[in-house]
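Okay, everyone settled? I'd like to spend a couple of minutes on aromatic rings today, so let me put the structure up.

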Amino acid sequence: MADGDLQARRVQAVRAWALFTEHGDVAAQVRPEILTSWGRSREAHVSTDVEAAPMADESETVAVWKDTPLQTAVEAVEGELRRTAEDGDLVIAVTDADTRILWTYGGRVMRNRAERVGFLPGGRWDDESVGTNALDLANRLDAPSMVFSAEHYARIVANWVCWAAPVHDPVSGRKLGVLDLSTSWDRTHPIGLATARVMARLIETAIPFSTEHPSAQPEQTADPGLVMTLLGTAEARLDGYRLLLSRRQTEVLALLALHPEGLSLEQLHAMVYGDQAITFSTLKAEVSHLRQALGGQLSSRPYRLLMPVATDVQHVLALIRGGHVAAAVDAYGGDLLPGTNSPALSELADYVAVALREALLADPQPDAVLRYSQDLAPYDREVVEACLARLHRAGSGGGPHPAIPLLKARLAVAGR
């Protein structure tokens, strides 16, 4: 973003903040989630002159962090997190599900600034403790969020820009906390939010599958033994260990995972091979190899998996059914087993892709549409146009929605 545009944006944010804090006036353009958070901050009697975030009990914070899957995951990718902080002169934080910071690492400039405002392990960064910030928004909205300059409620971070993304348990989908990237406002970069999403996913990929973080939301359930990733890239893990399978074995296992009630030999053969002249003996050999890889946890008559199972396909469809469109876009890694020859999996791939697209057309949330059009379907004009139409209908005298220029840029790409 050009320096002049960035400065103008900062001036607009400062003006809106002053109108709200001094007069309660909301006439200036401000994003709805920022305005709502400002209101919560005021109702919680947070002072705009707060000097630092309040600190939680140190021993409790250590207990929530120590020897947990989230700590294991962060330590596994810590080198990448540190390099990102140093290269971008950022401070990186990981929180629990209550927006309490559990781990931080800062680049040269931001490290001291972070320490002065309580951006440290134990710091409580919910907006009712320290005012509007990206960590709280990402946690409340369960979606990547940015807070720029004076969009922060407290003066202590009015010179910051922060990008945050939620971190979820890869099995249950429960939110464990957020990852935040922060730097000075003049270092704002268009890919900041995308970088936060990538770093959050990096942590998620390193979280052990067998347990959940103790700060996760309640209703703990037993974790599945088999976890399959089928969208975008294919991977199967049993009790956390990756299974080394052929392409065909992965397809057979995927079909069994998606049909927990079991399949007969004839049903499975039709789903895997369709009209191809492949013998039943060939399929039986594939199943035999799978049974060995699964430690015998695959029954016959019908063929059925004998351990708990979770797939990203089921997770995405559950999010769509529940109306969580943005989360579904985040969880959708790409086409289901691209290039598969299985007619049943090809049909399911089309179904999931269409279900996601229809959900976006019905509820075209700007952030979700931007992610979809950038990462998944850059030539899908209709979804982008639906989002623009919604924003224009919802427009007011306060000015255009900040996502409109980005959406128009996506539309130009789709046109090409």
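So, ring pairs. This is a predicted model, and the count of aromatic pairs in it comes to four.

Take F20 and W38. Those two rings are 5.2 Å apart centre to centre, with 40° between the planes, so with stacked meaning under 30 degrees and edge-to-face over 60, this pair goes down as tilted. F20 belongs to helix α1, residues 3-23, and W38 to helix α2, residues 32-43, so the contact ties together parts that sit 18 residues apart in sequence. Both F20 and W38 are buried.

Next one: F119 with W160. Here the centres are 5.5 Å apart and the planes make 70°, which is edge-to-face. What does this pair link along the chain? Distant parts, as it turns out: F119 is in the loop between α6 (108-116) and α7 (127-130), while W160 is in strand β4, residues 160-168, and the two are 41 residues apart. Burial, then. F119 has 1% relative accessibility and W160 has 3%, and the cut-off for buried is under 20%, so both of them count as buried.

There's a third ring to add here, W125: ring pairs join F119, W125 and W160 into a cluster.

Last bit, charges over rings. Remember F20 from the tilted pair? R42 lies over the face of F20, 4.5 Å from the ring centre. And over on F148, the charged end of R9 sits above the ring, at 4.5 Å from its centre.

That's my lot. Shall we rotate it and take a look?

Notes
Residues are numbered from 1 along each chain as its sequence is written. This is a predicted model: local features need pLDDT of at least 70, side-chain atom pairs count only at pLDDT 80 or more; totals for chains, interfaces and linings use all residues. Side-chain values use heavy atoms; hydrogens and water are left out. Rings of Phe, Tyr and Trp (its six-membered ring) pair if their centres lie within 6.5 Å; planes under 30 degrees apart count as stacked, over 60 as edge-to-face and the rest as tilted. Helices (H or I, at least four residues) and strands (E, at least two) are DSSP runs, numbered from the N terminus. Buried means under 20% relative accessible area, exposed over 50%, partly exposed in between (1.4 Å probe, protein chains only). A charge sits over a ring if NZ of Lys or CZ of Arg is within 6 Å of the ring centre and within 35 degrees of the ring normal.
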